[in-house]
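Q: Could you take me through this model step by step, giving the general idea behind each feature before turning to the case at hand?

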Amino acid sequence: MDGRVGDTYVAALQHGLADRSGDETLVGVVREPTGWFHAAVDENVPELGPPADLLAETKQVTEEFKRRGMCDEGAHNAAWEETDFADRYRTHLASDDAARAALAGLRDRVDDGEPVVLVCFEGESKRCHRTILRERLTAPDPVE
């Protein structure tokens, strides 16, 4: 693999907090991006975002944890465990045809030397699918 793969969150880009060299392609990996998200990235690949049902379930569980008194970050991270988010997202990447094709296409670009930074909404203190995606892109066989 010749290209670099990094990850960051959109607020870090907007506020100059992301550690970048400036030559990377900023690739959003958000299922339903906002207009201001599009303005912060070079492109968005919604197929690499978590499936809508997993996002909705995790949000619901997060809100329940927050109602019980947990802080936003704690509730988010606890909801990840409660919903088995990481394993379900990995399964999505391996089994969904559109996700597999998008992952293979991005991997080809990285293999051709293009440096990319994966971007989504979650800050550094919240668990995020872009970390799993980065691991898949840098694994010896990320599509399987």
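The dialogue below covers the overall fold, two helix pairs and two pockets.

A: Before we begin, note that this is a predicted model, in which local features need pLDDT of at least 70 and side-chain atom pairs count only at pLDDT 80 or more, whereas totals for chains, interfaces and linings use all residues. Residues are numbered from 1 along each chain as its sequence is written, and side-chain values use heavy atoms, with hydrogens and water left out.

Q: How many helices and strands are there in the chain, and what pattern does the chain follow along the sequence?

A: Helices (H or I, at least four residues) and strands (E, at least two) are DSSP runs numbered from the N terminus. The chain has 7 helices and 4 strands, and their order along the sequence is β-α-β-α-β-α-α-α-α-β-α. The radius of gyration of the chain, taken over C-alpha atoms, is 15 Å, close to the 15 Å that the globule rule (2.2 Å times the number of residues to the power 0.38) gives for 144 residues, so the chain is as compact as a globular protein of that length. Along the principal axes, the C-alpha atoms fill a box of roughly 50 × 35 × 25 Å.

Q: At what angle do the axes of α5 and α6 cross?

A: Two packed helices are described by the angle between their axes and the distance between the axes. Axes are lines fitted to C-alpha atoms, for helices over the stretch in contact, and angles run from 0 to 180 degrees between N-to-C directions. Here the axes of α5 (residues 85–95) and α6 (residues 97–111) come within 5 Å and cross at roughly 80°, which makes α5 roughly perpendicular to α6 (65 to 115 degrees). Contact (heavy atoms within 4.5 Å) is made by H92, L93, A94 and S95 of α5 and by D97, A99 and R100 of α6.

Q: Which residues of α3 and α5 meet?

A: The axes of α3 and α5 come within 11 Å and cross at roughly 170°, which makes α3 roughly antiparallel to α5 (over 145 degrees). In α3, D53, L54, L55, E57 and T58 meet F85, R88 and Y89 of α5.

Q: What lines the largest pocket, and what is its volume?

A: Rolling a probe the size of a water molecule over the atoms shows where empty space is left. On a 1 Å grid over the protein atoms alone, a pocket is an open set of points where a 1.4 Å probe fits, with protein on both sides within 12 Å along at least five of seven lines, and lining residues have an atom within 4 Å of a point. The volume, meaning the space filled by probe spheres set on the points, is about 530 Å³ for the largest pocket. Its lining has 25 residues, of which L55, K59, H76, F121 and E122 lie nearest the centre, and α3 gives the most, with 7 residues.

Q: Which element gives the most to the lining of the second largest pocket?

A: That pocket has a volume of about 280 Å³ and is lined by 20 residues, with G6, D7, T8, Y9 and E124 nearest its centre. Strand β1 (5–9) gives the most to this lining, with 5 residues.

Conventions. Parallel < 35°, antiparallel > 145°, perpendicular 65-115°, else oblique.
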